[in-house]
Amino acid sequence: DLFLNNLSNSSIVVFFALIMGMYFTSMVMLIRVNLPLKYRGILTQVFGQDIQYNFYHRWFDALFIFSALLSGVILTLLDRTKTEFKDDNDKSAF
């Protein structure tokens, strides 16, 4: 209950901004594969040489779907718990 009381709308916005930023970065890494070599080198310099691009290219869709489903389940559970907590408080008030 303490966690639900401290969860604010701004925290949720920051969480989704982080997810969207990570998605954008991942998409740029995936687009890198389809760019001409001269532009691909620029992205390699920005992200670094030691990143395993093949891993991201191969597993991006599966990891994104898993993360999206897990996030949806967690948010649904938090919402239901919050609703049940409010209902319990409303009943105790009478």
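A residue counts as buried when its relative accessible area is under 20%, as exposed when the value is over 50%, and as partly exposed in between. Keep these cut-offs in mind. Serine S67 shows how they work. At 38% relative accessibility, S67 falls between the two limits, so S67 counts as partly exposed.

Now step back to the whole chain. The model is predicted. Its mean pLDDT is 77. A value of 70 or more is reached by 80% of the residues. Confidence varies along the chain. Helix α1, residues 2-6, has the lowest mean, at 54. Helix α3, residues 37-47, has the highest, at 83.

What is the protein built from? It has 4 helices and 0 strands. Read from the N terminus, the order is α-α-α-α. The protein has 94 residues, and 12% of them are buried. Next, consider contacts between residues with a separation of 6 or more. Of these, 57% join residues 24 or more positions apart.

Look next at one pair of helices. Helix α2 covers residues 9-32. It packs with α3 at an angle of about 140 degrees, and their axes are 10 Å apart. How should that angle be described? Roughly antiparallel would need an angle over 145 degrees, and roughly perpendicular runs from 65 to 115. The angle fits neither class, so α2 and α3 are oblique to each other. The crossing of α2 past α3 is left-handed.

Which residues make this contact? From α2 come T25, V28, M29 and R32. From α3 come R40, L43, T44 and F47. By type, the residues of this contact divide into 4 nonpolar, 2 polar and 2 charged.

Pick out R32 from that list. R32 lies in helix α2. Is R32 buried or exposed? Its relative accessibility is 14%, which is under the 20% cut-off, so R32 counts as buried. Leave aside residues up to four places away in sequence, and R32 touches R40, L43, T44 and Y53. Among these partners, R40, L43 and T44 belong to the α3 side of the helix contact. Y53 falls within helix α4, which covers residues 53-93.

Finally, return to S67. S67 also lies in helix α4. Along the chain, S67 and I19 are 48 residues apart. In space, their C-alpha atoms are separated by 9.5 Å. I19 falls within helix α2, residues 9-32.

Methods: Residues are numbered from 1 along each chain as its sequence is written. This is a predicted model: local features need pLDDT of at least 70, side-chain atom pairs count only at pLDDT 80 or more; totals for chains, interfaces and linings use all residues. Side-chain values use heavy atoms; hydrogens and water are left out. pLDDT is the predictor's confidence in each residue, from 0 to 100. Helices (H or I, at least four residues) and strands (E, at least two) are DSSP runs, numbered from the N terminus. Axes are lines fitted to C-alpha atoms, for helices over the stretch in contact, and angles run from 0 to 180 degrees between N-to-C directions. Angles under 35 degrees count as roughly parallel, over 145 as roughly antiparallel, 65 to 115 as roughly perpendicular and the rest as oblique. A crossing is left-handed if the near helix is turned anticlockwise from the far one by less than a right angle, and right-handed if clockwise. Contact means heavy atoms within 4.5 Å. Ala, Val, Leu, Ile, Met, Phe, Trp, Tyr, Cys and Pro count as nonpolar, Asp, Glu, Lys and Arg as charged, and the others, Gly among them, as polar. Buried means under 20% relative accessible area, exposed over 50%, partly exposed in between (1.4 Å probe, protein chains only).
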